[in-house]
Amino acid sequence: MKVIDLTPRGYCHGVLNALAMVKKVIKTESYPRPIYILGQIVHNEKITKAFSEYGVISLDQKDKTRLELIESIDHGTVIFTAHGISKQVIERAKEKGLTALNATCRDVMKVHRAVEAKLNEGYEIIYIGHKNHPEPEAILALDNKIYFVQDEKDALMLPEILKDYPLFVTNQTTLSLYDIEAVLKIIESKFPNYLFDNEICNATTVRQEAVMKQEPVDLMLVVGDQLSSNSNKLAFVGSHYQQIPSKLISGVESIDLNWLKGIQSVSVTSGASTPTIVTEEVIRFLSQYKENDPTTWDHQSKIELIDIL
Ligand code: SF4
């Protein structure tokens, strides 16, 4: 089996920073206990489980906002995740007397600042993002008049009255260019004079470019969490732009051997929140795999949770 290791892949600076922050709090006894994370520090279940081995409690309920989640914390240290946090939640942490640390990625902070600046200049804001993701949740908390658009259908529903106002359009950092292009086409047809600020972060862009530039292969595996926006987008870019059958897997254990039947080549990449050790295990398995040799088929992960961090 020919295995192509796409680069760059794996951890970005925002994820590294967030993980370093949690590790520092674990090691530093002066931070009050318990240690909470409001959501998953980065979208990777293995990392969340590994931190839980050190007693870190990740509060993550899909039907609850960060503002609702923080109400269940009475004391201790709370860490806000790389995806960004609203001022209301920061304020609430202060009111509750919690020790709070903010791991928001600087690329996400940049979008917050851009939206705030344009709100102050009197712009109407359209924000392109994914529903139920913490990054839009924090952005939308900046002003209750921000128009949130997930797809072309939402864009078509934008009110005509917006054409009478200066209009600023921006987006979640981990989308694909395709998501944005499709929505922008509609916005442009309705409101030709909008101002657009593309905020897909560099880490997301270069990982998607590596997928775009790869040589033809029979299959692409993206190692990443189902909740990870940028991992999902890598699989989407592979299948949509490159027409390569692409699968999102959480690790070597999620490979379905049926996918490998009759294929000669596979490329591997990973999302910005995927531990390198998990991706390397996938590459090792594929490199030794032979369709006709059952001794090469074992794909149970040998990684201990403690090795993830
Ligand atoms: S994917 Fe981009 S925005 Fe998200 S943490 Fe990494 S660098 Fe920051």
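**Notebook: helix α2, cores, domains and ligand shell**

I started with helix α2, residues 45-52, and noted that Lys-46, Ile-47, Thr-48, Ala-50 and Phe-51 are buried there. I am working from a predicted model, and I keep that in mind for each entry below. I then asked what the buried residues of α2 pack against, and found α1, β3 (57-59), α11 (276-288) and α12 (305-308).

Next I looked up the largest nonpolar core, which holds 51 residues, and the members that touch the most others in it are Val-15, Ala-18, Val-22, Ile-41 and Ile-79. Helix α1, residues 13-27, gives this core its largest share, 5 residues. I picked Val-22 for a closer look and, setting aside neighbours within four places in sequence, listed its contacts as Ile-37, Ile-41, Phe-51, Val-56 and Ile-79. Phe-51 in that list is also one of the buried residues of α2. Apart from the largest core I found another one, of 21 residues, which includes Val-217, Val-222, Val-223 and Leu-234.

I turned to the domain assignment, which splits the protein chain into domain 1 (2-11 + 203-308), domain 2 (13-105) and domain 3 (107-200). The C-alpha centres of domain 2 and domain 3 are 27 Å apart, and I noted that 13 residues of domain 2 are in contact with 11 residues of domain 3. On the domain 2 side of this contact I recorded 9 polar, 2 nonpolar and 2 charged residues.

For the ligand I wrote down a shell of 15 residues, of which Cys-12, Gly-14, Cys-105, Thr-173 and Cys-201 come nearest. Which helices each supply at least two residues of this shell? They are α1, α5 (106-120) and α9 (202-213), and the largest share, 3 residues, comes from α1. Sorted by class, the shell has 8 nonpolar, 6 polar and 1 charged residues.

My last entry concerns Phe-168, which I placed in strand β8, residues 167-171. Is Phe-168 buried or exposed? I count Phe-168 as buried because 22 other C-beta atoms lie within 10 Å, and the cut-off for buried is 20 or more. Leaving out neighbours within four places in sequence, I listed Lys-118, Tyr-123, Ile-125 and Leu-195 as the contacts of Phe-168. I also checked Phe-168 against Ile-37, and the two are 131 residues apart in sequence and 32 Å apart in space, C-alpha to C-alpha.

Conventions. Residues are numbered from 1 along each chain as its sequence is written. This is a predicted model: local features need pLDDT of at least 70, side-chain atom pairs count only at pLDDT 80 or more; totals for chains, interfaces and linings use all residues. A nonpolar core is a set of buried Ala, Val, Leu, Ile, Met, Phe, Trp, Tyr and Cys residues joined through C-beta atoms within 7 Å. A residue is buried if 20 or more other C-beta atoms lie within 10 Å of its own, exposed if 12 or fewer, and partly exposed in between; C-beta atoms are placed from the backbone. Helices (H or I, at least four residues) and strands (E, at least two) are DSSP runs, numbered from the N terminus. Two residues are in contact if their C-beta atoms, placed from the backbone, lie within 7 Å. Domain bounds come from an automatic or database domain assignment. Ala, Val, Leu, Ile, Met, Phe, Trp, Tyr, Cys and Pro count as nonpolar, Asp, Glu, Lys and Arg as charged, and the others, Gly among them, as polar. A residue is near a molecule or strand if its C-beta atom, placed from the backbone, lies within 6 Å of it.
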